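Let's take a friendly look at a ligand site and at how charged side chains pair up. The structure comes first, and the reading follows.

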Amino acid sequence: MPHIARFVIDPEFSVGDVDPRLYGTFVEHMGRCVYTGIHDPGHPTADAAGFRGDVADLVRELGTGMVRYPGGNFVSGYHWEDGVGPLADRPRRLDLAWRSIESNQVGTNEFLTWAKELGLDTMMAVNLGTRGIDAARALVEYCNHPGGTAWSDLRIKHGVREPHDVKLWCLGNEMDGPWQTGHKTATEYGRLAAEAGKAMRQVDPSIELVACGSSFEKMPTFGTWEREVLEQTYDEIDYLSLHAYYEELEGDRTSFLASGAGMDRYIRSVVSTADHVRAVRRSKKQIKLSFDEWNVWYAARFVGERNLETAETPRLIEDTYSVTDAVVVGSLLITLLRNADRVAMACLAQLVNVIAPIRTEPGGASWRQTTFHPFAQAARFARGRVLHSVVTGPRIDTAQYGDVSALDTVVTYDEEADTYTVLAVNRGLHEPLLLQAALRGAAAGHRVEEHLVLCDPDPDAVNTEAHPERVVPRRATGAQITAEGNLQAELPPVSWNVIRLVPNTPCPD
Ligand code: AHR
């Protein structure tokens, strides 16, 4: 008899709405994300602008609603002016972040047009590393001003009559990191971000601004960086960023499967810091979080940017993801959703090839990594509002995060469709887990529409170009509503599960 993990599903226990921007992704000029990733003029499916049709189809299927661009570390040395205007006139530049040759054949207009055609919202980052206020406000003017000024008229001259109307802007990237070109102290960055943000909003008062939080929780300045940056920028910005990458270290899979607990602690710490600054300022404004880089990344296997040979379109950090990685990605999605009251946006980093759910070969195939599936399923089904659920049941002791629940879960309720989606991960390595959820209030009277599961007898199984469908979600049997009105489903060890509940239709007479 498997161990039982219990919770309650009640539509009245609302945490907050699911902001579609929680299903964001990230396109950086890095490795093969742009070139031979989304853009590959020689590819048989390429459109007139050189963007791959097969990748566009996979991006649609992934269900991402927003994309961050153009970096990442890349943005801290980027001259956006290099990437606009006639293609033949664009300079080839040395990108210091990834020791790459940047051809600038894709720039602001190409990217924003591609995103618009796919119906994607965009989040643009400005360079606060080597550049500053002037370049940032000029870019906002180029993108968003209707016309009649030098920068907006230049956009029109470049063939884009209507403004791009980009609403979300990141004030730099990971400015706390010594690896960042133009790295700054919190005081230096805070002042610059506040003034750049002010000027950008003077150009377009409708934009929203994201200030850089720490690059990850283990940064020595974590906490003090957030406090000081917020003290300087509180009145100018709307969101504070978080970045985090997780990996299995020294074979400690138990801790790796509990990465969501680490992400949860990180989010709560930043929320506390933001609310501390708010309290000191007696401010009515609440800062929300933008988790604009997150994923599994085997950083320990990366040689490091300082050891790279300079190259054009190199294969950088093209991690191949396993079933276990997909389960962890699912668990991280659950964590983001559970914190929907404060995390407004999140970007899976990155979209194609570079630590990505989609992989491609130049001029050739494209395929879904294992991690594609939990993202696509959550983006498709976990909509509406997030419900509060408190789990009781088996616990797992982890070296990195202490004692965690074996069941990681979140429930969303889509009021319009009157459907519930239960996302659930069994973190146990060997034992199945019995999920038992009491359906309360209006949730009673629903039935199980389907139980989809991603797991494998080999938790290290991967998808490859040769075997692109080795790992796919499957329909599970046995999930049911018991006579007592409980949802009951068995979750295999190391598994990602989606259980959908729809209203019981009355039997025809
Ligand atoms: O996503 C890869 C890199 O990770 C980004 O360029 C940087 O922001 C982060 O450190």
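## The ligand and its surroundings

In this predicted model, an oxygen atom of the ligand has a polar side-chain atom of Glu293 at 2.7 Å. Taken alone, the ligand exposes 280 Å², and the protein buries 95% of that. Two further polar contacts join the one from Glu293, and the table sets them side by side.

| Residue | Polar atom of the residue | Distance to an oxygen atom of the ligand |
|---|---|---|
| Glu28 | side chain | 2.6 Å |
| Glu293 | side chain | 2.7 Å |
| Asn73 | backbone | 3.0 Å |

Where does the ligand sit? The space it takes is the largest pocket. Around the ligand you will find Phe26, Glu28, Met30, Gly72, Asn73, Trp98, Asn173, Glu174, Tyr245, Glu293, Trp297 and Gln350. By residue class, this shell divides into five nonpolar, four polar and three charged residues. Glu28, Glu174 and Glu293 are the charged members, while Trp98 and Trp297 are among the nonpolar ones.

Now for the salt bridges. Side chains of opposite charge can pair when their charged atoms come close. The count for this model comes to 35 salt bridges. One salt bridge joins the side chains of Arg265 and Glu217, at 3.2 Å from N to O. Arg265 belongs to helix H8 (residues 259–281) and Glu217 to the loop between strand E9 (208–211) and helix H6 (224–233), so this pair ties together parts that are 48 residues apart in sequence.

Definitions and conventions
Residues numbered from 1 in each chain as written. Predicted model: local features only at pLDDT ≥ 70, side-chain atom pairs only at ≥ 80, totals over all residues. Heavy atoms only, no water. Near = heavy atom within 4 Å. Polar contact = N/O pair within 3.5 Å; in protein donor to acceptor, adjacent residues only side chain to side chain. Areas by Shrake-Rupley, 256 points an atom, 1.4 Å probe, with all protein chains shown as cover. 1 Å grid on protein atoms, 1.4 Å probe; cavity = no way out; pocket = protein on both sides within 12 Å on 5 of 7 lines; lining within 4 Å. Sits in = over half its atoms within 2 Å of the grid points. Salt bridge = Lys/Arg side-chain N within 4 Å of Asp/Glu carboxyl O. Helix = DSSP H or I, 4+ residues; strand = E, 2+ residues; numbered from the N terminus.
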